[in-house]
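Hello,

Here is the structure I said I would pass on to you. Please have it open while you read, and my notes follow just below.

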Amino acid sequence: MKSIFTDTINLENPFPFHPNPYFRRESFLSLDGYWDFDITKTKEPLSNYTKRIVVPFSPETPLSQIETHIEKDDWMHYRKKFTLSKVQLEGIGRLVFAAVDQECFVYLNGEYLGEHRSGYSTFEFEVTNLREENELIVIVRDDTDSEIYPRGKQSNTPGGIWYHPTSGIWGDVYLEFVPSSGKIEKLDISTDYKNRKISINGVFTNKSPLIVEIFKDNLKLISTQIGIGESVDCSSFFEAWSPDNPALFDIRISQGKDSVWSVFGFKLFERKQVGKNHYLFLNEKPIFLSSLLDQGYWPDGGLTAPCYEAISHDIDTIKNAGFNSLRKHIKIESMCWYYECDKKGVIVIQDIMNSGSKYSWWLIHLRPFINFDVNDNDNKILGRGSKESMEQFEKDMFVTLEQLSQPTCICVWTLFNEGWGQFRAPEMFEKMKTASGNKLIDATSGWYDKGVGDFNSRHIYFRAPKMKSDSQRVLFLSEFGGYSMPIEHHTYSKKSFGYASYKDNSALNKALKKVYGVDLIKAIKEAGLSACVYTQISDVEEEINGLMTYDRAVFKPDVEMLRSLNSDLYKVYCETIEKI
């Protein structure tokens with residue numbers, strides 16, 4: 001199945017721009033495009049390759065030009081030959097892999113650089129053996145059913161809410177060229193909304209002063225010199241970021257011969273008690289989050305968006321329909337996706353990647369209908385019986401928090417979803433709270449609430465969303481809806497999955513008007529509901545419960561109706577708090 005973008009992509013260079021707006025050097029080389037490729041049953045490096053693959057698309061996808069299933073005993077072999085100029089060879093290289101699933105071994109010009117194990121996190125190598133003619137070899141193995149590594153919605157038996165696997169390289173690969181005499185290794189730009197300042201920390205190879213230049217709309221606002229860890233006063237040009245006014249600032253930080261670009265915005269996202277309930281506030285004003293569940297899957301690219309225009313299309317579409325938020329569900333996106341949310345004013349609820357052994361069939365299928373609890377100290381019941389698995393989850397959690405520390409749009413984190421691999425939620429919540437810098441956290445989204453976290457989080461399908469606040473946390477309808485409506489010639493499979501089925505646009509519009517215009521309004525007024533996440537932004541494989549078709553060709557409900565319904569939610573929420 002194609003998306004509406006498939007035929008527009010230049011497979012020789014599908015992503016020619018820098019992949020990370022939050023840590024960007026002007027001197028870089030994209031290594032995306034065609035690589036030599038093969039699949040064997042051994043890890044031994046190859047001398048001959050029989051296939052070609054398009055990176056960064058996984059071999060399971062049509063855009064990769066391979067489109068085959070990967071077994072757990074398969075080894076994927078990648079080779080990229082590339083040429084560098086004399087100018088590029090003057091310094092050292094920073095070789096970055098945005099995402100490789102799962103076990104990855106990297107060689108450059110015959111030298112072993114190192115390895116990485118996970119599936120969704122970015123990693124890099126400092127390389128000093130670059131030449132004019134170079135050969136990069138990457139060898140990968142992926143066991144989708146592994147209980148150790150994160151897998152999201154991937155399954156070797158896809159169907160219903162589970163999707164086809166993603167293996168090998170599925171994120172951008174690129175080289176940055178760095179001065180050999182001192183470099184900026186990491187940046188941490190912290191914003192202070194109340195005092196209208198930013199502070200700059202990170203990892204620097206020397207202690208010399210930093211030159212800081214801040215821009216907005218290509219206009220330089222300030223240029224100053226500070227020490228590492230010191231602050232910059234931004235009060236003369238301060239502007240708060242919000243969905244209605246996504247004010248962003250570009251920043252260039254220089255030290256010696258090295259310069260790195262980034263971007264930041266000022267916001268204050270918090271929960272406050274008003275009367276007996278807790279509510280959400282952005283920049284000291286009430287804000288209701290009307291969100292869509294976003295799995296981030298594409299029919300032609302799998303977990304990888306086919307192009308930058310595809311990313312922009314999804315975000316423009318939901319903004320046009322009046323939504324102010326997306327829940328990035330069981331996936332880490334490309335940094336360009338978060339940048340688009342930053343630029344266009346979309347608040348992000350970011351899930352931590354799930355892992356663990358296969359989840360119990362009866363837990364998944366009975367829990368939506370019968371309200372019961374499970375002790376998450378008995379880890380095997382929820383798929384977390386391995387100590388190594390728990391240690392890997394904690395490691396990945398910390399890496400994710402660091403990797404996504406800079407986007408302004410991320411306001412809420414989800415720790416565990418529906419018990420999938422859940423273990424010791426109170427303990428893990430405290431660790432995450434500290435590591436996140438005290439961000440708001442949905443500790444147990446949907447099921448098996450342990451009374452911790454910032455949200456009383458519920459998943460309600462198959463019935464009207466009736467809720468009651470616990471008066472201790474923010475009331476959050478973190479999944480609901482899932483209304484399915486197939487569109488002829490725009491479905492992935494003859495099989496279909498959804499939580500309620502409608503035959504035409506009129507019936508779907510009527511159902512959406514009922515849940516948004518009646519049920520959610522009532523929940524705001526009577527229970528203090530502060531946020532909701534409708535399932536979902538688009539169809540995904542057999543799931544046909546998206547507002548858009550999987551190929552993004554058709555938006556199913558009435559856009560103006562949704563925009564009006566969302567506007568009413570925001571208005572009623574503010575009026576409800578004002579009356580308390």
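A word on terms before the strands: two strands are taken to pair if DSSP finds at least two bridges between them. Please also keep in mind that this is a predicted model.

With that in place, strand E14 is a good place to begin. E14 (residues 210–216) pairs with strand E17 (residues 249–255) in the antiparallel sense, over five bridges. In that pairing, glutamate 213 stands opposite arginine 252 of E17. E14 also pairs with strand E15 (residues 219–226), again in the antiparallel sense, over seven bridges. There, leucine 210 faces isoleucine 226 in E15. E14 and E15 make a hairpin with two residues between them, and aspartate 217 in the turn has a positive phi of about 55°. As for cover, six of the seven residues of E14 are buried.

Next, a small sheet. Three strands form an open sheet in the order E12-E13-E16, with antiparallel pairing. Strand E12 (184–192) and strand E16 (231–233) are at the edges, each with a single partner strand, so one side of each has no neighbour in the sheet. From one strand to the next, the twist averages 25°. E12 and strand E13 (residues 197–204) are paired over eight bridges, and aspartate 192 stands opposite lysine 197 in E13.

Now to the packing. The largest nonpolar core has 120 residues, and those with the most contacts inside it are Phe269, Leu280, Tyr338, Leu415, Leu512, Tyr516 and Leu529. Helix H6 (residues 505–527) gives the most to this core, with 10 residues. A second, separate core of 29 residues includes Ile53, Val55, Leu95 and Val127.

Helix H5 (residues 425–435) shows how one helix is packed. Which of its residues are buried? They are Ala425, Met428, Phe429, Met432 and Lys433. These residues lie on the same side of H5, because they cover an arc of only 135° around the axis. This fits a general rule: an α-helix has 3.6 residues a turn, so residues three or four places apart point the same way. The buried residues of H5 pack against helix H4 (387–403), strand E25 (410–417) and strand E26 (440–445). Leucine 415 gives a view from the other side: leaving out residues up to four places away in sequence, its contacts include Ala425, Met428, Phe429 and Met432. Among the other residues that leucine 415 touches are Ile352, Phe393, Met397 and Ile441. Just after H5, glycine 437 takes a positive phi of about 75°.

You may want to look at the backbone geometry too. Most residues other than glycine have a negative phi, and most peptide bonds are trans. Here are some places that depart from that:

- Valine 55 and proline 56 are joined by a cis peptide bond, with omega about 20°. Proline 56 is in the loop between strand E3 (51–55) and strand E4 (75–83).
- Threonine 535 and glutamine 536 are joined by a cis peptide bond, with omega about 5°. Glutamine 536 is in the loop between strand E31 (529–535) and helix H7 (559–579).
- Glutamine 65 has a phi near 75°, a positive value in a residue other than glycine. Glutamine 65 lies in the loop between E3 and E4, and counts as partly exposed because its relative accessibility is 44%.
- Tyrosine 448 has a positive phi of about 60°, although it is not a glycine. Tyrosine 448 sits in the loop between E26 and strand E27 (455–460). Its relative accessibility is 2%, so tyrosine 448 counts as buried.

One last residue is tyrosine 570, which lies in helix H7. Is tyrosine 570 buried or partly exposed? Its relative accessibility is 21%, and buried means under 20%, so tyrosine 570 counts as partly exposed. Tyrosine 570 touches Phe288, Ser290, Gly322, Phe323 and Asn324, not counting residues up to four places away in sequence. The C-alpha atoms of tyrosine 570 and tyrosine 448 are separated by 29 Å, and the two residues are 122 residues apart along the chain.

Happy reading, and best wishes.

Conventions:
Residues numbered from 1 in each chain as written. Predicted model: local features only at pLDDT ≥ 70, side-chain atom pairs only at ≥ 80, totals over all residues. Heavy atoms only, no water. Buried < 20%, exposed > 50% of the residue type's maximum accessible area, 1.4 Å probe, protein only. Helix = DSSP H or I, 4+ residues; strand = E, 2+ residues; numbered from the N terminus. Arc of directions from axis to C-beta. Contact = heavy atoms within 4.5 Å. Core = buried A, V, L, I, M, F, W, Y, C linked by side-chain atoms within 4.5 Å. Axes fitted to C-alpha atoms, helices over the stretch in contact; angles between N-to-C directions.
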